[in-house]
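Please look over the sequence and the structure below before reading on. The briefing that follows takes up aromatic rings, strands, a surface patch, a loop residue and backbone angles in turn.

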Amino acid sequence: MVAAAGFSPSFHDPALFVHTSPRGRTLLLLYVDDMIIIGDDPEYIAFVKARLRYQFLMTDLGPLRYFLGIEVSSTSAGFSISQEKYIQDLLARAALADERTVETPMELNVKLCPTDGDPLPDPTRYRHLVGSLVYLAVTRPDISYPVHILSQFVSTPTTVHYSHLLRVLRYLRGMITRRLFFPRSSSLQLQCYSDATWANDPMDRRSLSAYCVFLGGSLVAWKTKK
């Protein structure tokens with residue numbers, strides 16, 4: 001259907017489709033049965049929605065506010081994305097025994113090893129929580145580093161690894177309202193920052209590198225990788 005409406009698949013993401021005309025560009029992002037349509041041409045967007053309603057049972061939810069666990073809010077200054085409800089659900093599933101919070105997601109200069117602590121009798125809970133944090137990092141670059149570290153131990157997690165996982169959850173509890181903000185008015189200057197640990201992994205002496213990319217005042221990309 002998207003091809004019939006004049007969309008072409010994006011080279012960057014198989015779920016993204018692009019339509020370009022003299023009146024502007026329209027983007028369609030599709031995930032299973034959830035969809036976002038955005039663009040410069042309101043008439044074409046109305047045409048696409050009419051074609052969709054003709055072929056499928058579809059509900060138009062209006063301006064974007066929630067998509068796959070990501071909350072979107074818009075003001076005259078710009079728009080923000082967050083996953084506050086997702087964090088609340090995650091904390092409920094984690095069932096922490098206390099109400100403590102911490103100011104950082106991981107202690108400074110921590111170097112975890114596979115042999116730290118005793119193996120967990122059932123690693124299922126650890127794997128489930130780490131997997132949830134991986135998705136949360138889509139809008140929370142502040143946990144990208146500790147989540148990358150904790151993900152390395154999902155095969156055989158220990159009590160020490162689990163304690164550091166709980167620290168990330170306590171940090172999120174205290175910083176639950178943090179969000180990414182994208183201003184409507186911003187320069188198109190691209191700025192990149194990177195850093196590396198320079199072969200300080202205690203097990204294999206490999207480096208951990210990280211980067212973040214800003215387009216004007218908007219953080220648009222980030223990654224932590226061993």
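In this predicted model, the structure holds 5 aromatic pairs. One of them joins Phe7 and Tyr44, whose ring centres lie 5.9 Å apart with the planes at 45°; because planes under 30 degrees apart count as stacked and those over 60 as edge-to-face, with the rest as tilted, this pair is tilted.

**Aromatic rings**
- The pair of Phe7 and Tyr44 links distant parts of the chain, since Phe7 sits in the segment before strand E1 (8-9) and Tyr44 in helix H1 (residues 42-55), 37 residues apart.
- Both partners, Phe7 and Tyr44, are buried.
- Ring pairs also bring in Phe47, which together with Phe7 and Tyr44 makes up a cluster.

**Strands E7 and E8**
- Strand E7 (residues 78-82) and strand E8 run antiparallel and are joined by 4 bridges, and Gly78 has Pro183 as its bridge partner in E8.
- In a regular strand the side chains alternate between the two faces of the sheet.
- Strand E8 (residues 180-183) shows this alternation, with Leu180 and Phe182 pointing to one face and buried, whereas Phe181 and Pro183 point to the other face and are not buried.

**A buried loop residue**
- Thr139 is found in the loop between helix H3 (124-136) and helix H4 (144-151), and with a relative accessible area of 1% Thr139 is buried, because buried means under 20%.
- Leaving aside residues up to four places away in sequence, Thr139 touches Ile70, Ile81, Ser82, Gln83, Leu180 and Trp222.
- Among these contacts of Thr139 is Leu180, which is one of the buried residues of strand E8.

**A nonpolar surface patch**
- On the surface, Leu188, Leu190, Leu215 and Val220 form a nonpolar patch, and together these residues have about 400 Å² of accessible area.
- Within this patch, Leu190 belongs to strand E9 (residues 190-196) and is exposed, with a relative accessible area of 56%.

**Positive phi angles outside glycine**
- Val32, a residue other than glycine, has a positive phi value near 55°; Val32 is placed in the loop between strand E3 (24-31) and strand E4 (34-39), and at 68% relative accessibility Val32 counts as exposed.
- Leu68, likewise a residue other than glycine, has a positive phi near 55°; Leu68 lies in the loop between strand E5 (66-67) and strand E6 (70-74), and with a relative accessible area of 30% Leu68 is partly exposed.

Terms used
Residues are numbered from 1 along each chain as its sequence is written. This is a predicted model: local features need pLDDT of at least 70, side-chain atom pairs count only at pLDDT 80 or more; totals for chains, interfaces and linings use all residues. Side-chain values use heavy atoms; hydrogens and water are left out. Rings of Phe, Tyr and Trp (its six-membered ring) pair if their centres lie within 6.5 Å; planes under 30 degrees apart count as stacked, over 60 as edge-to-face and the rest as tilted. Helices (H or I, at least four residues) and strands (E, at least two) are DSSP runs, numbered from the N terminus. Buried means under 20% relative accessible area, exposed over 50%, partly exposed in between (1.4 Å probe, protein chains only). Patches are made of residues with over 30% relative accessible area and no salt bridge: like charges are joined within 9 Å, nonpolar side chains (Val, Leu, Ile, Met, Phe, Trp, Tyr) within 5 Å. Accessible areas come from the Shrake-Rupley method with a 1.4 Å probe; for residues, only the protein chains shown count as cover. A salt bridge is a side-chain nitrogen of Lys or Arg within 4 Å of a carboxyl oxygen of Asp or Glu. Contact means heavy atoms within 4.5 Å. Two strands pair if DSSP finds at least two bridges between them.
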